[in-house]
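Biologist: I would like a close look at one part of this chain. Please take me there step by step, and then show me the surroundings.

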Amino acid sequence: LTYLQRLPVDVVKIDQSFVSGLTPTARRAEDDRGTIAKAVIGIAHALGLVAVAEGVENEEQLEVLRRLDCDLAQGYLYSEPVDAEGFSAYLRDRRAED
């Protein structure tokens with residue numbers, strides 16, 4: 001936490017280990033992950049930072065993160081990892097859709 005004050009950061013990432021168990025009907029162990037995710041989001045926002053969730057794989061996780069007021073999400077829900085060429089193709093395809 002000290003580094004958040006010392007380093008010039010503008011984004012805080014929530015590790016996928018805290019995202020993987022997020023479901024609307026989570027059991028107790030998974031609720032703890034939601035508690036940590038909510039706390040990280042709160043700290044990020046209190047410091048004027050953006051909160052990004054890693055490892056989002058399904059709509060249920062995304063819905064929980066939205067309710068927790070998470071700013072951004074990344075993961076297989078959107079795309080598998082791609083190299084620079086693959087990312088360029090992805091952007092071209094998105095522009096063609098718009």
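Where is aspartate 69 found?

Modeller: Keep in mind that this is a predicted model. Aspartate 69 sits in the loop between helix 4 and strand 3 (72-73). Look at its backbone. The phi angle of aspartate 69 is positive, about 70 degrees, although the residue is not a glycine. Now look at its surface. Aspartate 69 has a relative accessibility of 48%. The cut-off for exposed is over 50%, so aspartate 69 counts as partly exposed.

Next, place that loop in the chain. The chain has five helices and three strands. Read from the N terminus, the order is α-β-α-α-β-α-β-α. The C-alpha trace spans about 40 × 35 × 20 Å along its principal axes. There are 98 residues, and 24% of them are buried. Take the contacts with a separation of 6 or more. Of these, 51% join residues 24 or more positions apart.

Now step one residue along from aspartate 69, to Cys70. Cys70 belongs to the largest nonpolar core, which has 16 residues. Cys70 is among the members that touch the most other members, along with Ile14, Val19, Ile41, Ala53, Val56 and Leu65. Which elements build this core? Strand 1 (11-14), helix 3 (28-46), strand 2 (50-53) and helix 4 (59-67) each give at least two residues.

Isoleucine 14 shows how the core is joined. Leave out residues up to four places away in sequence. Isoleucine 14 then touches Cys70, and also Val19, Ala37, Val40, Ile41, Val52, Ala53 and Glu54. Right after it comes aspartate 15, in the loop between strand 1 and helix 2 (16-19). Aspartate 15 has 36% relative accessibility, so it counts as partly exposed. Its C-alpha is 13 Å from that of glutamine 61, and the two are 46 residues apart in sequence.

Go back to our loop and move on past strand 3. Tyrosine 78 lies in the loop between strand 3 and helix 5. Its relative accessible area is 43%, so tyrosine 78 is partly exposed. With residues up to four places away left out, tyrosine 78 touches Leu62 and Ala73. From tyrosine 78 to alanine 53 is 25 residues in sequence and 12 Å in space, C-alpha to C-alpha.

There is a pocket to find as well. Rolling a probe the size of a water molecule over the atoms shows where empty space is left. The largest pocket has a volume of about 190 Å³. It is lined by 13 residues. Gly75, Tyr76, Ser79, Glu80 and Pro81 lie nearest its centre. By class, the lining has five nonpolar, five polar and three charged residues.

Last comes helix 5, residues 84-97. It has 14 residues and reaches 20 Å from its first C-alpha to its last. That is close to the 20 Å expected at 1.5 Å a residue. Is helix 5 packed away or in the open? The number of its residues that are buried is zero, so helix 5 lies largely in the open. Alanine 96 is found in helix 5. At 68% relative accessibility, alanine 96 counts as exposed. Its C-alpha is separated by 32 Å from that of isoleucine 14, with their positions 82 residues apart along the chain.

Conventions: Residues numbered from 1 in each chain as written. Predicted model: local features only at pLDDT ≥ 70, side-chain atom pairs only at ≥ 80, totals over all residues. Heavy atoms only, no water. Core = buried A, V, L, I, M, F, W, Y, C linked by side-chain atoms within 4.5 Å. Buried < 20%, exposed > 50% of the residue type's maximum accessible area, 1.4 Å probe, protein only. Helix = DSSP H or I, 4+ residues; strand = E, 2+ residues; numbered from the N terminus. Contact = heavy atoms within 4.5 Å. 1 Å grid on protein atoms, 1.4 Å probe; cavity = no way out; pocket = protein on both sides within 12 Å on 5 of 7 lines; lining within 4 Å. Points joined across faces, edges and corners; volume = space filled by probe spheres on them. Nonpolar A, V, L, I, M, F, W, Y, C, P; charged D, E, K, R; others polar. Expected span 1.5 Å × (residues − 1).
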